[in-house]
Amino acid sequence: MSPARPPAPRVPAAPRRAAAPRPAAAPTPPAATPRARPSADPAPHPVAGGAAPRAVDADHPAGGARRPTSARTGATGSARAPRGEAAPTTGTPTQAAPSQAVTTYQVRRFGGPARPTVVSTRSQERFAERARARRNLARRQVVLVMSGIVGALGLAWLLLLSPVLALDPAQVTVTGAGTVVAVDQVQAVVALRAGEPLPRLDTVRLRDDLLQVPGVREVRVMRDWPRGLSITLVSREPVAAVPEATPPAGATTTGFALLDQDGVQVGRADAAPAGLPVVDVPVDDARTLTGVLSVLRQLPADLLAQVQDVSAQSQDTISLGLRDNATVVWGSADETPLKVAVVTALRASPAAAGASVIDVSAPRMPITK
């Protein structure tokens, strides 16, 4: 009987390598089923020399070289796609093909619904659409220009030719005529321009015509829309009555010429008007008359109302006769405001009460008698 054989030592199996991390988007290949490792030979034959034969791992050939199995290959690398099929691409987005640039026109008319969008893909159609768009734009510009011209012509006709703004003499107002100017003569001058549109009315020429009316010293003309005028007059009010040397044409007796503050005759009267001073100056002495009128023009209204007559032989010998029979020796027209203040103070003073002569020809040294 053969001696008992010791059990053969088992070679420990090599540890498996850890699988590499797989990409997130890569499809998971089917796990390879590990091949069953064959057990050691159940009954190894004895070898000469009494040494027990080494058990060889079926997965490890002699020499220690390790053959990769299909399972390890599947665990460490991605599986190859079958021949003839494209490998799937993971982690890369799909890029669309570039689109073709086209020209698009959209037209709206009168605020209505939009026409369907026109898309042209050929150059000939695109050029035709551009030409059509240019023609439409040119037509719109022509229509706008013509509308503006027609509107301007209509406005010009309305303002310059139509009777809408024509002057109506019944709507003309006249103020400031005073006691000298005849209002009917002013209205007769305005009536010559009846029916003329106000924008075309020459107010400067109308003013010059109104200045020719007797008694008118100054005129202001303003348009009163739509068809009227507002005329403001400054009349030449008489400040003195001058005795006439000879009767005027058409009169049989001499009377009084009514003069304003500028020496312009504004009227005539057979007798001196009440409240108007009578001026006695040499005939045709314009300098003396101008001096007298200058004094009368500067007198305050209350003092002028007390003057009954004025006499002067020259421009430096002016005397005023008051209605209470007092005489004021005025001298020349120089320093008239100061002389007015002195006369007013002396007539109000009890010391000068009853004086028949007040001499203010030297206003800083007045004399009363």
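**Exercise 1. Describe the chain as a whole, starting from its contacts.**

Solution. Among contacts in the chain between residues at least 6 apart in sequence, 48% join residues that are at least 24 apart. The model examined here is predicted, and its chain holds seven helices and 14 strands. Next, consider the surface: 23% of the 369 residues count as buried, while the chain exposes about 25500 Å², of which carbon and sulfur atoms supply 57%. Finally, a search of the whole structure for salt bridges finds 11.

**Exercise 2. Work out the strand order of the sheet that contains S4, and state which helices pack on it.**

Solution. Step one is the order: three strands form an open sheet, arranged S3-S5-S4, with mixed pairing. Step two concerns the edges, where strand S3 (172-175) and S4 stand; each has a single partner strand, so one side of each is left without a neighbour in the sheet. From one strand to the next, the twist averages 15°.

Step three looks at one pairing in detail. S4 and strand S5 (residues 228-235) run antiparallel and are joined by eight bridges, and within this pairing the bridge partner of Val221 is Ile231 in S5. Step four adds the helices: H3 packs on the sheet by touching S3 and S5, with a direction that makes about 140° with that of S5, whereas H4 packs on the sheet by touching S4 and S5, with a direction that makes about 150° with that of S4.

**Exercise 3. Locate the salt bridges that involve residues of helix H4, and classify the accessibility of each partner.**

Solution. Begin with Arg193 and Asp209, whose side chains meet in a salt bridge at 2.6 Å, N to O. This pair links distant parts of the chain, since Arg193 lies in the loop between helix H3 (183-191) and helix H4 (203-210), while Asp209 lies in helix H4, 16 residues apart. To classify the partners, recall that buried means under 20% relative accessible area. Arg193 has 14% relative accessibility and therefore counts as buried, but Asp209, at 30%, counts as partly exposed.

Continue with Glu218 and Arg207, whose side chains also meet in a salt bridge, at 2.6 Å, N to O. Here Glu218 belongs to strand S4 (residues 216-224) and Arg207 to helix H4, and the two residues, 11 apart, link distant parts of the chain. Glu218 is partly exposed, with a relative accessible area of 33%, and Arg207 counts as partly exposed at 29% relative accessibility.

**Exercise 4. Explain why the salt bridge between Glu335 and Arg364 ties together separate parts of the chain.**

Solution. First establish the bridge itself: the side chains of Glu335 and Arg364 meet at 3.0 Å, N to O. Then place the partners: Glu335 lies in the loop between strand S12 (327-331) and helix H7 (336-348), and Arg364 lies in the loop between strand S13 (357-359) and strand S14 (367-368), so the pair ties together parts that are 29 residues apart in sequence. Last, compare accessibility: Glu335 counts as partly exposed at 38%, whereas Arg364 counts as exposed at 64%.

**Exercise 5. Is Asp260 buried or exposed, and which residues surround it?**

Solution. Start from the secondary structure. Strand S7 (residues 256-259) and strand S8 (residues 265-269) run antiparallel and are joined by four bridges, with Leu259 standing opposite Gln265 in S8. The two strands form a hairpin with five residues between them, and Gly263 in the turn has a positive phi of about 80°. Asp260 has its place in the loop between S7 and S8.

Next, take its accessibility: at 1% relative accessibility, Asp260 counts as buried. Leaving aside residues up to four places away in sequence, Asp260 touches Arg236, Glu237, Pro238, Val239, Val266 and Leu293. For Val239, which is 21 residues from Asp260 along the chain, the C-alpha atoms of the two residues are separated by 5.1 Å.

Finally, consider the polar partners. The side chain of Asp260 reaches the backbone nitrogen of Val264 at 2.7 Å. Side chains of opposite charge can pair when their charged atoms come close. In this model, Asp260 is linked with Arg217, Arg236 and Asp262 in a network of salt bridges.

Key
Residues are numbered from 1 along each chain as its sequence is written. This is a predicted model: local features need pLDDT of at least 70, side-chain atom pairs count only at pLDDT 80 or more; totals for chains, interfaces and linings use all residues. Side-chain values use heavy atoms; hydrogens and water are left out. Two strands pair if DSSP finds at least two bridges between them. Buried means under 20% relative accessible area, exposed over 50%, partly exposed in between (1.4 Å probe, protein chains only). Contact means heavy atoms within 4.5 Å. A polar contact is a pair of N or O atoms within 3.5 Å; within protein, one must be able to donate a hydrogen and the other to accept it, and residues adjacent in sequence count only if both atoms are side-chain atoms. Accessible areas come from the Shrake-Rupley method with a 1.4 Å probe; for residues, only the protein chains shown count as cover. A salt bridge is a side-chain nitrogen of Lys or Arg within 4 Å of a carboxyl oxygen of Asp or Glu. Axes are lines fitted to C-alpha atoms, for helices over the stretch in contact, and angles run from 0 to 180 degrees between N-to-C directions.
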